[in-house]
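Me: I am new to this structure. Please choose a single part, look at it closely and describe its surroundings in one connected account.

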Amino acid sequence: MTKLIIDSRERNAELISMLEELGVEIEFSLLDIADYVVSDRCAVERKTVRDFESSLIDGRLFEQAERMKSTYYRALLIVEGSKEEFAMNHKAITGATISLYLDYGIQLIF
């Protein structure tokens with residue numbers, strides 16, 4: 001059985017229910033890095049469009065990226081929402097996306 005560790009602050013009931021239906025064993029823990037730990041090699045951070053913009057503006061985005069990169073072999077960032085929802089300049093979003101991929105090796109899914 002697959003085991004997923006979820007940050008205890010992430011309480012998306014619909015997602016948890018779907019994962020359990022798929023046979024995923026879920027454990028809640030207060031995580032310092034990422035929102036979901038898939039394995040000792042892989043972690044996932046989840047952000048809304050607004051949180052992505054906010055963390056880009058205040059510098060948290062790249063701090064989190066550095067911690068994920070230094071801790072996990074593979075890191076993934078899921079941004080919930082569409083690219084059209086961004087209030088920021090799209091060039092800034094594109095630059096951040098490219099930097100996350102090239103400088104930190106973090107895959108992004110919108």
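Reply: Angles between axes count as roughly parallel under 35 degrees, roughly antiparallel over 145, roughly perpendicular from 65 to 115, and oblique for the rest. The model is predicted, with local features needing pLDDT of at least 70 and side-chain atom pairs pLDDT 80 or more, while totals for chains, interfaces and linings use all residues. Residues are numbered from 1 along each chain as its sequence is written, and side-chain values use heavy atoms, without hydrogens and water.

The part chosen is helix 2, residues 49-58 (helices are DSSP runs of H or I with at least four residues, strands runs of E with at least two, numbered from the N terminus). Helix 2 and helix 4 pack at about 80°, with axes 12 Å apart (lines fitted to C-alpha atoms over the stretch in contact, with angles from 0 to 180 degrees between N-to-C directions). The two helices are therefore roughly perpendicular to each other. F52, E53 and L56 of helix 2 meet A92, I93, A96 and L100 of helix 4 (contact means heavy atoms within 4.5 Å). By class, 6 residues of this contact are nonpolar, none is polar and 1 is charged (Ala, Val, Leu, Ile, Met, Phe, Trp, Tyr, Cys and Pro are nonpolar; Asp, Glu, Lys and Arg charged; the others, Gly among them, polar).

Helix 3, residues 60-71, is another partner: its axis comes within 5 Å of the axis of helix 2, and they cross at roughly 90°. That crossing makes helix 2 roughly perpendicular to helix 3. Here D51, F52, S54, S55, L56 and D58 from helix 2 meet R60, L61 and F62 from helix 3. The residues of this contact comprise 4 nonpolar, 2 polar and 3 charged.

E53 is buried, at 6% relative accessible area (buried is under 20%, exposed over 50%, partly exposed in between, with a 1.4 Å probe and protein chains only). Beyond its neighbours within four places in sequence, E53 is in contact with F86, A87, M88 and I93. Its side chain reaches the backbone nitrogen of M88 at 2.8 Å.

F52 touches K47, L61, L77, V79, F86, I93, A96, L100 and L108, leaving out residues up to four places away in sequence. In the largest nonpolar core, which has 22 residues, F52, L61, L77, L100 and I106 touch the most other members (a core joins buried Ala, Val, Leu, Ile, Met, Phe, Trp, Tyr and Cys through side-chain atoms within 4.5 Å). Helix 2, helix 3, strand 5 (74-80), helix 4 (90-104) and strand 6 (106-109) each give two or more residues to this core. Helix 4 supplies the largest share, 4 residues.

Methods:
A polar contact is a pair of N or O atoms within 3.5 Å; within protein, one must be able to donate a hydrogen and the other to accept it, and residues adjacent in sequence count only if both atoms are side-chain atoms.
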